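Visitor: I'd like a close look at one part of this model, the part that faces the DNA.

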Amino acid sequence: MPELPEVETLCRQLRHVIMGAEISKTQIIDAKLGTIREVEGKQVGAVNRHGKALAIELERGLSLVFHLRMTGRLLWQNGNGLLPHTRLVISFSQGRLFLIDPRRFATVTVHKQGNGLPVGSDPIEDCDPFHLQAIAQRSTLLVKAFLIDQRRIAGLGNIYACEILYQARIDPWRRVHTLTHEEWKGIGEAAEKILKRAIACRGTSVSDWHDLFGNKGEHQDYLLVYGREGAACSRCGGIIHRRKLNGRGTYYCPTCQNCEGG
DNA sequence: CCCTATGTTCCCAA
DNA sequence: CTTGGGAACATAGG
């Protein structure tokens, strides 16, 4: 279930494996994905990510855009045989790219111009506190809901939003327009630090995330709040809490993050 | 049976 | 127009 660092991991690994290669064949296993036309015989010119979307860019402006949603995975295979829950196979001369997705929420689309990647500022490219504060100015959203809103900032999901707010010592229930410039600076710095470390660790494997080659990431060893309800806060020794915010499980330290009412 | 789940989109109400 | 809630999508695991 990939967020920005996981998709970035796939993006970098895919570049090494398929840059310049030609798609020899595509096989849709799950018809729910729809059809993929005109990509066979095309060469891969670039692999890019924006937010949680991944684009394999081909000749003549064509691109294949993947969104893995909750349980989608991309896996590179040299051998034969289908793995369970395989939805799509893209073959190259040197191997095959599998889209595997038990829950079948993942999507693949073909774009004829542009790379079809979504909008929203990228938290890796743009952690500038002035920018963050500017786009938050007229919003009444709770800060955590704001951080995971893909139209505003593309790429953060529940795990990294919890970690970033903990690191920046911000109450997830704060309204975004009340945050000071210092607080946005803290959020920007925390985001950059956490996302870069997570990418270096090839993502967070708390349940089923595996990289392009089937290996687990290592960033789960660095989580300070996510999934740690009832455990001791590494900073103050207090208890990590979990409460729902807009329907999403939210982990936080009431003491370090100055939450009202604990 | 119950509940949970790292995501997105749609409908509806305030 | 913005926001939040709920459902839907479909499956696995505790």
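Which residues surround DNA strand C?

Guide: First, this is a predicted model: local features need pLDDT of at least 70 and side-chain atom pairs count only at pLDDT 80 or more, while totals for chains, interfaces and linings use all residues. Residues are numbered from 1 along each chain as its sequence is written, chains are lettered from A and ligands numbered from 1 in the order written, and side-chain values use heavy atoms, with hydrogens and water left out.

Now, DNA strand C. Its surroundings are Lys32, His85, Pro102, Arg103, Arg104, Phe105, Ser139, Thr140, Leu141, Arg152, Arg175 and Asn246 (a residue is near a strand if one of its heavy atoms lies within 4 Å of it). Of the strand C atoms that come within 4 Å of the protein, 69% belong to sugar and phosphate. By class, those residues split into three nonpolar, four polar and five charged (Ala, Val, Leu, Ile, Met, Phe, Trp, Tyr, Cys and Pro count as nonpolar, Asp, Glu, Lys and Arg as charged, the others, Gly among them, as polar).

Next, the polar contacts, meaning pairs of N or O atoms within 3.5 Å. Arginine 103 puts a polar side-chain atom 2.7 Å from a base nitrogen of strand C. Two residues go for phosphate oxygens of strand C instead: serine 139, with a side-chain N or O atom at 2.8 Å, and asparagine 246, with a polar side-chain atom at 3.5 Å.

The other strand, B, has 20 residues around it, with Met1, Val206, Ser207, Arg242 and Arg248 the closest. Sugar and phosphate make up 58% of the strand B atoms that come within 4 Å of the protein. Here the backbone does some of the work: an N or O atom of serine 207's backbone sits 2.5 Å from a base oxygen of strand B, and one from valine 206 sits 3.5 Å from a base oxygen. Asparagine 158 uses its side chain, 3.3 Å from a phosphate oxygen of strand B. Helix 4, strand 9 (241–245) and strand 10 each give two or more residues to this surface (helices, H or I, at least four residues, and strands, E, at least two, are DSSP runs numbered from the N terminus). Its class tally is six nonpolar, six polar and eight charged.

Note on methods: A polar contact is a pair of N or O atoms within 3.5 Å; within protein, one must be able to donate a hydrogen and the other to accept it, and residues adjacent in sequence count only if both atoms are side-chain atoms.
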